[in-house]
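Dear colleague,

Please find below the sequence and the structure that I am handing over to you. My notes on its pockets, its cavity and one of its ligands follow.

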Amino acid sequence: MTEIPDLGPPWNLERVLGLFQAPLNDLLYWAHGVHRRHFNPQEVQLSTLLSVKTGGCPEDCHYCPQSARYATSVEAEPLLPLEQVVQAARQAQAAGATRFCMGAAFRGPKDRDLDQILEYIRAVKALGLETCATLGLLTDEQAARLAQAGLDFYNHNLDTSRDYYCNIVTTRSFDDRLETLRRVRKAGMHVCCGGILGMGECMKDRAALLLELAEMDPPPESVPLNALVPVPGTPLAGRDPVPPLEFVRTVAVARILMPKAHVRLSAGRSRMSDELQALCFFAGANSIFYGEELLTTPNNEMKADRELFRALGIRAEMQPERREAHAPRD
Ligand code: SAM
Ligand code: DTB
Ligand code: SF4
């Protein structure tokens with residue numbers, strides 16, 4: 001019988017690698033124990049994505065179909081009209097999502113774009129949804145304006161380890177990203193920050209990425225784990241899928257390192273079997289993107305997700321305010 005090791009901070013690369021290399025049953029047992037101490041294991045949070053400004057992006061993120069540098073089937077479009085955003089948010093809410101995440105293919109927003117995005121945020125917030133946006137790099141002033149408009153979460157991913165990063169993006173640095181994340185915190189918003197697996201990185205890179213996230217003070221409230229969606233025309237189009245059990249291990253280590261975070265199964269879920277998703281939920285994943293499109297690529301059918309939840313006895317997590325209103329009294 002193996003003893004349960006110390007699963008608390010301070011973490012370092014060696015300890016995190018030790019988790020990645022543990023026998024899978026031990027790792028799952030530890031991660032699931034941590035998960036149960038912080039969350040109801042029968043609940044999964046639902047976020048819905050909408051691309052509010054698609055394509056034509058000047059950056060060179062090698063995975064991204066929205067970069068103007070690559071010949072993909074994505075066409076550049078302007079910001080959506082407010083009504084279209086509100087309608088999508090209403091539909092997401094009616095389907096059971098509690099958070100609405102608006103994504104824009106920007107290096108960072110221009111102030112004129114931001115004025116329109118603030119309108120989206122106010123309108124979506126007024127519906128009673130949690131709001132999230134992912135707009136690229138921010139200045140302090142832009143972060144403050146987003147927070148003031150009622151933005152609850154800002155998504156900005158580190159994508160991969162500091163060492164591997166230069167193989168994936170050259171037009172903005174790892175430190176640029178950390179600076180935006182600091183600005184988001186300073187403005188008082190929650191941080192949604194994670195990465196992508198399957199871009200050719202090794203186990204040490206995955207460990208280093210999770211360590212970097214866990215050492216943020218405080219760590220992100222939401223951690224999206226994406227499996228690369230290899231889009232034809234992008235430099236990473238030909239990559240092999242992440243081996244399923246390596247994905248599960250990454251979820252489990254994320255859960256142990258960031259016990260209070262919502263760990264989200266993000267892009268790439270449509271290529272995951274029900275069994276793999278079930279194992280990820282056991283390992284501590286407790287959020288998904290719900291809705292049949294991510295930003296520009298397809299996501300799982302909502303009906304299939306509802307059936308999977310039914311089969312697993314999982315239900316959609318309620319929104320924080322409602323959760324408090326329904327909390328059992330002692
Ligand atoms: N343009 C903004 C930025 O990059 O900060 C926000 C939108 S960007 C599309 C948001 C995130 O989507 C990226 O940081 C990346 O992690 C993820 N992403 C984009 N394309 C992907 C793909 N093909 N597979 C998996 N994740 C992807
Ligand atoms: C995140 O980590 N994944 C989402 C969201 N944050 C913005 C985006 C996934 C995009 C997948 C490729 C596409 O649909 O364009
Ligand atoms: Fe542009 Fe974001 Fe895509 Fe990078 S990930 S190319 S910044 S839309």
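The largest pocket holds about 460 Å³ of space. Its lining consists of 25 residues, and those closest to its centre are L49, L50, S51, A88 and E293. Please bear in mind throughout that this is a predicted model. Two elements, β1 and α3 (82–95), each supply at least two residues of the lining of this pocket. The greatest contribution comes from α3, which gives six residues. Sorted by class, the lining of the largest pocket comprises 13 nonpolar, eight polar and four charged residues.

The second largest pocket has a volume of about 360 Å³. It is lined by 18 residues, of which P219, L257, M258, P259 and K260 are the closest to its centre. Its lining divides into 14 nonpolar residues, one polar residue and three charged residues.

I turn next to enclosed space. How many cavities of 30 Å³ or more does the count give? The count comes to one. The largest cavity has a volume of about 830 Å³, and 41 residues form its lining. Those that lie nearest its centre are Y63, C64, Q66, N157 and L295. The elements that give two or more residues to this lining are β1 (43–53), β2 (99–104), β3 (130–134) and β7 (222–227). Of the elements, β2 gives the most to the lining of the largest cavity, namely four residues. By class, the lining of the largest cavity has 23 nonpolar, twelve polar and six charged residues.

The strand β1 thus appears in two places: it supplies at least two residues to the lining of the largest pocket, and it gives two or more to the lining of the largest cavity.

Where does ligand 3 sit? Ligand 3 is placed in the largest cavity. The residues around ligand 3 are C57, E59, C61, Y63, C64, S67, A105, F106 and R172. Two of these, Y63 and C64, are also among the residues nearest the centre of the largest cavity. By class, the shell around ligand 3 contains six nonpolar residues, one polar residue and two charged residues. The polar member is S67, and the charged members are E59 and R172.

When you open the model, you may wish to begin with ligand 3 and the residues around it, among them C57, C61 and F106, and then view the largest pocket around L49, L50 and A88.

With kind regards

Definitions and conventions
Residues numbered from 1 in each chain as written. Chains lettered and ligands numbered in written order. Predicted model: local features only at pLDDT ≥ 70, side-chain atom pairs only at ≥ 80, totals over all residues. Heavy atoms only, no water. Near = heavy atom within 4 Å. 1 Å grid on protein atoms, 1.4 Å probe; cavity = no way out; pocket = protein on both sides within 12 Å on 5 of 7 lines; lining within 4 Å. Sits in = over half its atoms within 2 Å of the grid points. Points joined across faces, edges and corners; volume = space filled by probe spheres on them.
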